[in-house]
Amino acid sequence: MRRDVAAAYEGVANAWAEGPARLYGRLAVAIAAEYPEPLPGQRVLDVGAGTGVMSLALQQRGAVTVGVDIAPDMVAHMRARGLDAVTGDLLDLPFENASFDGAVAAFSITHVDDPAAALAEARRVVRGGGAVMAGVFAEQARNAAKDVVDAVAAAYGFEPPAWYVYLKMQVEPLTGTPDRLAGCAERAGLGAI
């Protein structure tokens, strides 16, 4: 499944930056504002960085960031914007233990079917006592407006790929409520959740 997600984000960094990243940038600013430690001078890993909006939000608050993403196109996009970024899998981060003061996974652990393992991997690369944060999509009741958009898309022949249906129906719900996300954090060995 991770390969399918990586392939879905490959080659679309510029389009993503012109569209969805505008919204995600605002969400990233809100997440960065909740970081539990002072950020100036802190070395923070942006896990599943995409176009780098979380890195930018953290940098605006004084952090030194490194972004990691599984899609080389996203990494190239971040580098072209002057951001430090590497290609890597959030379940097998390409960093030594305790390499960072903190880590933020903004909407990326909702893309893996073992979010606790992703949080544990983030914990591994963060120094003892450092913060590990995750932003996830909250579980939502059916939405009439979204149902109409989905129906129109279907009427024009759009069929969501199997990986997307699996992601929405099986993976995102693993972290979709505060209790489920806290359970993942506990299984990852994180404290002070």
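What follows is a short working chat about a predicted model and how its sheet and some of its helices fit together.

Colleague: Let's start with the sheet; what order do the strands come in, and how do they pair?

Modeller: The model is a predicted one, and in it five strands form an open sheet in the order β3-β2-β1-β4-β5, with parallel pairing.

Colleague: Which strands stand at the edges?

Modeller: Those are β3 (85-87) and β5 (126-135), and because each has a single partner strand, one side of each is left without a neighbour in the sheet. On average, neighbouring strands of this sheet are turned by 20 degrees against each other, if direction is ignored.

Colleague: And β2, over how many bridges does it pair with β1, and with β3?

Modeller: Strand β2 (residues 64-69) pairs with strand β1 (residues 43-47) in the parallel sense over five bridges, and arginine 43 stands opposite valine 64 there. With β3 the pairing is again in the parallel sense, over three bridges, and valine 68 stands opposite valine 86.

Colleague: Which helices pack on the sheet there?

Modeller: Helix α4 packs on the sheet and touches β1, β2 and β4 (100-106), its direction making about 170 degrees with that of β2. Helix α5 (residues 72-80) also packs on the sheet, touching β2 and β3, and its direction makes about 165 degrees with that of β3.

Colleague: Is β2 mostly covered or mostly exposed, then?

Modeller: Strand β2 is mostly covered, with five of its six residues buried.

Colleague: Switching to α3 and α4, at what angle do they cross?

Modeller: The axes of α3 (residues 20-33) and α4 (residues 53-60) cross at roughly 40 degrees and come within 8 Å, which makes α3 oblique to α4. The crossing is right-handed.

Colleague: Which residues meet there, and of what class are they?

Modeller: From α3, Ala21, Tyr24, Gly25, Ala28, Val29, Ile31 and Ala32 meet Val53, Met54, Ala57, Leu58 and Gln60 of α4. By class, this contact has 10 nonpolar and two polar residues, and no charged ones.

Colleague: One more: where is glycine 52, and why does it count as buried?

Modeller: Glycine 52 lies in the loop between β1 and α4, and it counts as buried because its relative accessibility is 0%, where the cut-off for buried is under 20%.

Colleague: What is glycine 52 in contact with, beyond its neighbours in sequence?

Modeller: Leaving aside neighbours within four places in sequence, glycine 52 is in contact with Asp46, Met78 and Leu83. Alanine 162, by comparison, is 110 residues from glycine 52 in sequence and 27 Å away in space, C-alpha to C-alpha.

Conventions: Residues are numbered from 1 along each chain as its sequence is written. This is a predicted model: local features need pLDDT of at least 70, side-chain atom pairs count only at pLDDT 80 or more; totals for chains, interfaces and linings use all residues. Side-chain values use heavy atoms; hydrogens and water are left out. Axes are lines fitted to C-alpha atoms, for helices over the stretch in contact, and angles run from 0 to 180 degrees between N-to-C directions. Helices (H or I, at least four residues) and strands (E, at least two) are DSSP runs, numbered from the N terminus. Angles under 35 degrees count as roughly parallel, over 145 as roughly antiparallel, 65 to 115 as roughly perpendicular and the rest as oblique. A crossing is left-handed if the near helix is turned anticlockwise from the far one by less than a right angle, and right-handed if clockwise. Contact means heavy atoms within 4.5 Å. Ala, Val, Leu, Ile, Met, Phe, Trp, Tyr, Cys and Pro count as nonpolar, Asp, Glu, Lys and Arg as charged, and the others, Gly among them, as polar. Buried means under 20% relative accessible area, exposed over 50%, partly exposed in between (1.4 Å probe, protein chains only). Two strands pair if DSSP finds at least two bridges between them.
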